[in-house]
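Work through the exercises below with the structure open. Try each task before reading its solution.

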Amino acid sequence: MEQGTVPTAVAISTLDVCQPAIDRGDDYFAHWGLTHFLLDGHHKLEAAATAGRPVRLLSLLALGESLAEAEDTARLPALRTRPRRTRGIGW
C-alpha cells in the first residue's frame, strides 16, 4: 500500500430487496440490502483502515441465497456505476 497498490479482499454477498413489514404512512419503499461476508482479506482491510487507504472488494453475489428477484440483481451493475449520493434517487 505504501507503493500505491490497492489490495483486494474477497467476499460472498447476498442482495435482499424487501418491503417494510408494516405500513406506517407514505414510506413504503423497497429497501435494498447488499451484505458482504468477507472470506479473504481481513488483514488487508485492517491495514487499509489504519492507514486511511482504499481497498478493492471482489464480491461474488450468491443469487440463489438472496431475497432479490432476477430483475433486481440485473440492475446492480448499472446502479454501481452511479455516484453514491444519487444511487437512491430516481429508481
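## Exercise 1: A helix and its surroundings

Threonine 50 sits in helix H1. The model is predicted.

**Task.** Decide whether threonine 50 is buried or exposed, then ask how many residues of helix H1 are buried.

**Solution.**
1. Take the relative accessibility of threonine 50, which is 69%.
2. The cut-off for exposed is over 50%. Threonine 50 therefore counts as exposed.
3. Now take the whole helix. H1 covers residues 42-51 and has 10 residues.
4. The number buried is 1, so helix H1 lies largely in the open.
5. Look just past the end of H1. Glycine 52 has a positive phi there, about 70°.
6. Finally, place threonine 50 against aspartate 72. In sequence they are 22 residues apart. In space their C-alpha atoms are 35 Å apart.

## Exercise 2: The overall form

**Task.** State the order of helices and strands along the sequence, and find out whether the protein is more spread out or less spread out than a compact globule.

**Solution.**
1. Count the elements. There are 2 helices and 3 strands.
2. Read them along the sequence. The pattern is β-β-α-β-α.
3. Compare the radius of gyration with the globule rule. The protein has 16 Å, while the rule gives 12 Å for 91 residues.
4. The value is well over the rule, so the protein is more spread out than a compact globule.
5. Add the spans. Along the principal axes, the C-alpha trace covers about 50 × 30 × 25 Å.
6. Turn to burial. Of the 91 residues, 19% count as buried.
7. Turn to the surface. About 7000 Å² is exposed, and carbon and sulfur atoms supply 56% of that area.
8. End with contacts. Take those between residues at least 6 apart in sequence: 60% of them join residues at least 24 apart.

## Exercise 3: The second largest pocket

**Task.** Find which elements each supply at least two residues to the lining of the second largest pocket.

**Solution.**
1. Start with volume. The second largest pocket has about 160 Å³.
2. List the lining: Ser13, Leu34, His36, Leu57, Ser59, Leu61, Leu76, Pro77 and Arg80.
3. Match the lining to the elements. Strand E2 (31-40), strand E3 (56-61) and helix H2 (70-81) each give at least two residues.
4. Sort the lining by class. It holds 5 nonpolar, 3 polar and 1 charged residues.

## Exercise 4: Two leucines of one strand

**Task.** For leucine 57 and leucine 61, say which residues each one touches beyond four places in sequence.

**Solution.**
1. Place leucine 57. It lies in strand E3.
2. Check its accessibility. At 39%, leucine 57 counts as partly exposed.
3. Leaving out residues up to four places away, leucine 57 touches Ala9, Val10, Ala11, His36 and Leu38.
4. Leucine 45 is 12 residues from leucine 57 in sequence. The C-alpha distance between them is 9.7 Å.
5. Move to leucine 61, which is also found in strand E3. At 29% relative accessibility, leucine 61 is partly exposed.
6. With the same residues left out, leucine 61 touches Ser13, Thr14, Leu15, Leu34, Ser66, Thr73 and Leu76.
7. Leucine 38 is 23 residues from leucine 61 along the chain. Their C-alpha atoms are separated by 12 Å.

## Exercise 5: Two residues of helix H2

**Task.** Decide whether threonine 73 is buried or exposed, and do likewise for leucine 76.

**Solution.**
1. Place both residues. Threonine 73 is in helix H2, and so is leucine 76.
2. Recall the cut-off: buried means under 20% relative accessible area.
3. Threonine 73 has 17%, so it counts as buried. Leucine 76 has 14%, so it is buried too.
4. Find the partners of threonine 73, leaving aside neighbours within four places. They are Leu15, Leu61, Leu63 and Ala68.
5. Treat leucine 76 likewise, setting aside residues up to four places away. Leucine 76 touches Leu15, Trp32 and Leu61.
6. Check one pair in space. Leucine 76 and leucine 15 are 61 residues apart along the chain, with 9.5 Å between their C-alpha atoms.

Note on methods:
Residues are numbered from 1 along each chain as its sequence is written. This is a predicted model: local features need pLDDT of at least 70, side-chain atom pairs count only at pLDDT 80 or more; totals for chains, interfaces and linings use all residues. Side-chain values use heavy atoms; hydrogens and water are left out. On a 1 Å grid over the protein atoms alone, a cavity is a set of points where a 1.4 Å probe fits but cannot get out, and a pocket is an open set with protein on both sides within 12 Å along at least five of seven lines; lining residues have an atom within 4 Å of a point. Grid points are joined across faces, edges and corners, and a volume is the space filled by probe spheres set on the points. Helices (H or I, at least four residues) and strands (E, at least two) are DSSP runs, numbered from the N terminus. Ala, Val, Leu, Ile, Met, Phe, Trp, Tyr, Cys and Pro count as nonpolar, Asp, Glu, Lys and Arg as charged, and the others, Gly among them, as polar. The radius of gyration is taken over C-alpha atoms; the globule rule is 2.2 Å times the number of residues to the power 0.38. Buried means under 20% relative accessible area, exposed over 50%, partly exposed in between (1.4 Å probe, protein chains only). Contact means heavy atoms within 4.5 Å. Accessible areas come from the Shrake-Rupley method with a 1.4 Å probe; for residues, only the protein chains shown count as cover.
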